[in-house]
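Student: I have a model open and would like to understand the words people use for its parts. Could we go through them together?
Tutor: Gladly, let's look at it first.

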Amino acid sequence: MQRIVKKYIEEILEKEIVLEKPKDMSLGHFATPVAFSLAKELRKSPMIIAQDLASKFENSEMFEKVEAVKGFINFKLSNSFLQTLCEESLSLGDDFAKGENKNEKILLEYVSANPTGPLHIGHARGAIAGDTLARVGRHLGFDITTEYYVNDAGAQMDLLGLSLALAGQESILKQEVQYPEKYYRGDYLFDIAKDVEKEFGKEIFNDESKHKELALFAKDKVLDIIKKDMADIGIEFDNYVSEKSLYSSWDETKSVLEKNGSLYDKDEKVWIKSTEFGDDVDRVVVRDNGIPTYLAGDIIYHKNKYDRKYDKYINIWGADHHGYITRVRAAIEFLGYDSKKLEVLLSQMVQLLKGGEPYKMSKRAGNVILMSDISNEIGSDALRFVFLTKKSDTHLEFDLDILKNQDSSNPIFYINYAYARINQVFKKAQLNFDDVASESFENLNQDALNLVYESLLFPSILEEAFSKRDMQKITDYLHSIAASVHRFYNEHKIIDSDEQNQYLKALSLVALTIKVALHLLGIEAKEIM
């Protein structure tokens, strides 16, 4: 709607404009300050210019009223125009707000947690943000491939093998174990140890030469846990890429970097000149023992990404990776690619409360808060919604007890209740959406028209949320439109009123909007509460 209105106004005025939504809807549905930008050029008062421009819309069927107010031009949409857009939107069904093919391929990498243990609550934020970004982007017409980078090489794998051996010694062999300062812990290792015993027998736990074999076995089992935990909250990936499998390409990648003069030897190590692209210091890519570093793995991976020829690459990383961005961008440039095609979004950690107090970590989980524990406690819908109520690069704190409330303090309950209320009204009227599809808005009152207008803003909300990578705009919008539904329901008699079917048509558009919006957040709207 907003794009249609803007294009029409620009055609009439023969000028590009900025189109705004007034905070006070009584002033109009849209407004433009174009008269202020023309004042110097035309050497006239913005108020006079606004009046002159407003007069150009006297016979427009799109607007009921166009008026100049203190230099602004305010536009109030006509009932007939809102009715037409409402009917077009309803005819689209679940494709409402769906965009045309953008012919832009995006590779979206997120989560990529080390396969050394189940996902904790911090991982959940990036997982939900990435999955929702993909859902919204695809709905808008972008070709998005989602990817999980499996960090299955390096010291963390050695530590996983050792940790599993120790867990087997303690739980299977019943030996007294002296745990080192660094090791992975948690009941999941005891469960994997049982699988190891069935597959390999008990003696493997005391054989140090088998630690790599244990690590490989554990990695696959942990990945199964991670995939299940994500599937439980509606997240699946198109691709899983193994870090270990990419290291065979290191010599080829290193050769490209050497040809570009980006590497040098110092202290028996190989360094990359990342300071040339703004890094604090140059970084080691090959240790003095000849083994490539973690950064080398990331360089290989990003070469692999760029070789697959996407138009854009989006990475969602934990906030602790902030300093890593510059060195990766430097490597991309040294490889001969455009680092501007890489966009890195950071995901901050989460503070959980329960009854106003910090949530206690689980010894069973190895002194972390598992994502699966929280989703089991409050449900996938509540978990997904609350993680999207703040932009992922900002601090998030929430109380689990509030998200279990069955009242307006729980945002997902509040929104679902609005959707269920609309369905209940239709049930009481013994009608369905199709029964009211032909109703006219000619005499529809302003409150009901405002519901239609607010629903028709949904496509522009989606576009802004995706372009700014800010899914909070969708959750805020849903809360706002749910509030409008509850307010309208409380202030107007619907069933058996003279306007019943007109009201129901307006509400059917709101219901469709809520349903589609929740679906794009990975949540299915509830028809009964």
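**Reasoning from values to words**

Tutor: Let's begin with a pair of residues: lysine 105 has aspartate 143 in S5 as its bridge partner. Keep in mind that this is a predicted model.

Student: What makes strand S4 and strand S5 a pair?
Tutor: Two strands pair if there are at least two bridges between them. S4 (residues 105-109) and S5 (residues 143-150) are joined by 5 bridges, and they run parallel. That meets the cut-off, so the two count as paired.

Student: Which sheet do they belong to?
Tutor: An open sheet of 5 strands, in the order S6-S5-S4-S10-S11, with parallel pairing. From one strand to the next the twist averages 25°.

Student: Why are strand S6 and strand S11 said to stand at the edges?
Tutor: Each has a single partner strand, so S6 (239-242) and S11 (342-347) both have one side without a neighbour in the sheet.

Student: How do you know that S5 is largely enclosed by the rest of the structure?
Tutor: Buried means under 20% relative accessible area. Of the 8 residues of S5, 7 are buried, so the strand is largely enclosed. For the chain as a whole, 52% of the 529 residues count as buried.

Student: And what is valine 284 called, buried or exposed or partly exposed?
Tutor: Its relative accessible area is 22%. Buried would need under 20% and exposed over 50%, so valine 284 is partly exposed. This valine lies in strand S9 (residues 283-286). Beyond its neighbours within four places in sequence, valine 284 is in contact with Lys269, Val270, Trp271, Thr293 and Leu295.

Student: Leu295 makes me think of helix H11. How do you know that the length of H11 agrees with what a helix should span?
Tutor: H11 covers residues 294-307, which is 14 residues. At 1.5 Å a residue they should span 20 Å, and the end C-alpha atoms are 20 Å apart, so the two values agree.

Student: Why is H11 called largely enclosed?
Tutor: Because 11 of its 14 residues are buried. Among them are Leu295, Ala296, Ile299, Ile300 and Tyr301, but also Asp298, Lys303 and Lys305. After H11 comes lysine 309, whose phi is positive, near 60°.

Student: What makes H10 and H11 roughly perpendicular?
Tutor: Helix H10 (residues 250-259) packs against H11 at an angle of about 85°, and their axes are 10 Å apart. Angles of 65 to 115 degrees count as roughly perpendicular, and the two helices therefore earn that description.

Student: Which residues meet there?
Tutor: From H10, Trp250, Glu252, Thr253, Val256 and Leu257; from H11, Ala296, Ile299, Ile300 and Lys303. They divide into 6 nonpolar, 1 polar and 2 charged residues.

Student: How many helices and strands does the chain have?
Tutor: The chain comes to 19 helices and 14 strands. Its C-alpha atoms fill a box of roughly 85 × 60 × 40 Å along the principal axes. Of the contacts with a separation of 6 or more, 71% are between residues 24 or more positions apart.

Note on methods
Residues numbered from 1 in each chain as written. Predicted model: local features only at pLDDT ≥ 70, side-chain atom pairs only at ≥ 80, totals over all residues. Heavy atoms only, no water. Helix = DSSP H or I, 4+ residues; strand = E, 2+ residues; numbered from the N terminus. Expected span 1.5 Å × (residues − 1). Buried < 20%, exposed > 50% of the residue type's maximum accessible area, 1.4 Å probe, protein only. Axes fitted to C-alpha atoms, helices over the stretch in contact; angles between N-to-C directions. Parallel < 35°, antiparallel > 145°, perpendicular 65-115°, else oblique. Contact = heavy atoms within 4.5 Å. Nonpolar A, V, L, I, M, F, W, Y, C, P; charged D, E, K, R; others polar.
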